Structures are given as structure tokens and as C-alpha cells.
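Biologist: Thanks for sitting down with me! Could you walk me through this model?

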Amino acid sequence: MNSQPKISVIMPVYNVERYIEKAVTSVLKQTFIDFELLLINDGTKDNSVVQTERFVADTRVQWHHKENGGLSDARNFGLQKAQGEYIYFMDSDDWIEPDLLEVALQHIRQYDVLVFGYQLDTENADREMIQTEEVTTEDTILEKGKQQTAFTEKQLGLLGYAWNKLYKHQFLKDNQLFFPKGISLVEDILFNAQVLAKTDAIVFCNQALYHYINRPVTTLIKTFHANSFALYLQKDEALNQFLSVWNFSVNDKKTVLANSLMLGLRYCANNLFAFKNNLSEREKFNYLKMMLHNNRMQELIVYYQPQTATDKLYKNIVLHKRVVFLFALCKMLK
């Protein structure tokens, strides 16, 4: 094994004692063995560290402990410690195929960033998989200024995550690319928008190498973000920059941005009522009103392309600023 690892796998750890052993094991079983695994204990308060103590005997595994600073801060901490030529970010409650690192390294070649597919595995309360869906796209290399058409919908759908990418470490260093500190809702796309705006090419691999686990979680214990819509507006700004640099047509760009911001609005509206918070009914009503009257939302809504009857309903609500109707709808759906 070389003294300098080829790939640094960065895995922040947060209260995942039920899942982390499988996550770590899937890394240690990789067919490509020249890697380092950086486990970042970001102030976890459960037995996640104890669950993986036996793996420390493997010289490729490093435990780093720090005060809680959030996912972005933990990933940035890992970037500062990483020694590999390539960077891979992994969540500690998912798992990866045994050939992920090998396949990723074969595909990235001289490029700065690789995008691959994933399996969306849905589990029930007993941790039994009840459904799986493969999310991927064809093998291709898109070069800035050379593509004749916009990205496909599938390609765009794969760009938002950090865990289905391999990054060249020197490229991140040269461009001083880090995750936005203090943000825990749209941090992946904000980071990737910077990456994709700077790189001259994006490599897509058609294999689904990551297993993202969709687990049933009681909505009342999920995190409510009081500034969620502001974060989606920040996401809109970052996406706009990326799409502009890649020379999307005005209409294609507006369509992508409209679909993205509409998803954000629906997320924020539903979570006002589904996630535990201390807002009064009047405050919730005013939050919905603020979103529907937002200038950027009103600018983009005409470009939104609804696919279902529900989509059409939401477009009508936004177009005509039907706050009362949206308030009643969210109350009914909670």
C-alpha cells in the first residue's frame, strides 16, 4: 500500500449507532484498497464510536473528534485532514457497493468530478427493505462550451448530492471549495454548484453504486428550519450561477430554477405544519404569505412545468397568491 492514500473517504458521524457498522464495513470491503477512511465524530452523543472501535485496528481507519458544528463543518474538517488525491463523501447511515471506489477511479481519469447513480432503498420500521429504485443515467462526459443541448432531467437530478460524487482533491484546494458553514438543509447543492461552476467537464457513470436508505421517521422529531425558504432562495442563486456558466438557454435555465424553487416552496409549506415548531397559526399564515408574494417566486412561476394534477394545483396557488387556500391545504395534509 502506498504511504499516500489514493482516495480519502470522509464520513461524518451523527447518532447513527444502529447503522454505522454496516456503513463502515461496506467501505472496508472495497475491491480498491488504497484509501483512508476518516470518521469525523461531530459531537455525537450515542454509541456510534463504540460500535466501530473494532475497526480502528485497520490502519486505513482514522477517528477524528470535534465539537458539534454540523454536517458542513464536519466535512470541511475532513477535507483539512484528508491526504488522498481524490475525495469521497459518505453518509454514516447508508452503505456502498464493494466496487464503488474502483469503478469511480476508473471513470474519473483526468477530470475534476465524477457523478454516479444510486439505489433508493426504502425500509420499514423493522429495517426490512420493502422497495428499491435505481436512479442513474447513461455514461457520458459533458464539457463546458461543447454540449449542444441542456443537461437531461436525470443528469440534473444527480447533481445535488455529495455522496454520489468523486472529487479531485487538488481541484478543490486550488479553487478553495468548501461546504457553506452553518447550513444544514441545502448544503450539498450549494457546494456542488460551486464545484460545477468551476470545472470544465462533468463525467457521468451509469452504475448505481450508492445505497441511500429511506427510513420511516416520525415527522415531529425532524428538524424545523425557520429560515428554510431563505435557504432555498440561496440555492436558487447558486443554481443560477452554475447554469449561467454552463451556457443554458434562458428558457431552459428558468425552467430548471422554477421547478427547483417550487419544490422548495412545497417543502417549506408542508413542514410548517408537519415538523414540530413553536409558530402560532398567524405566524404560519404570514410565512406562507411571504413565500407566495416573494418576487423571485412570482418571476419564476410562469416557467414552472407541472406534471401532475397536484403540481397544477400548486402552480395555480402561487400564480394567484392564494394564501388562505394553501393554509387550509397544509392543515389538511399534515
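Biologist: Which residues does Tyr88 touch, not counting residues up to four places away in sequence?

Modeller: Happy to help; this is a predicted model, where local features need pLDDT of at least 70, side-chain atom pairs count only at pLDDT 80 or more, and totals for chains, interfaces and linings use all residues. Residues are numbered from 1 along each chain as its sequence is written, and side-chain values use heavy atoms, leaving out hydrogens and water. Contact means heavy atoms within 4.5 Å. By that rule, Tyr88 touches Ile7, Ser8, Val9, Ile10, Ile96, Leu100, Leu101, Phe116, Trp163, Lys165, Leu166 and Tyr210.

Biologist: Which residues have the most contacts inside the largest nonpolar core?

Modeller: A nonpolar core is a set of buried (under 20% relative accessible area, 1.4 Å probe, protein chains only) Ala, Val, Leu, Ile, Met, Phe, Trp, Tyr and Cys residues joined through side-chain atoms within 4.5 Å. The largest one has 109 residues, and those with the most contacts inside it are Ile7 and Tyr88.

Biologist: Is Asn164 buried or exposed?

Modeller: Asn164 touches Leu114, Val115, Phe116 and Leu158, leaving aside residues up to four places away in sequence. Its relative accessibility is 0%, so Asn164 counts as buried.

Biologist: Why does Cys330 form no bond with the closest cysteine sulfur?

Modeller: A disulfide is a covalent bond between the sulfur atoms of two cysteines. Here it is counted when a pair of cysteine sulfur atoms lies within 2.5 Å, and a search of the whole structure finds zero. For Cys330, the closest cysteine sulfur, in Cys268, is too far for a bond, at 11 Å.

Technical notes. Buried means under 20% relative accessible area, exposed over 50%, partly exposed in between (1.4 Å probe, protein chains only).
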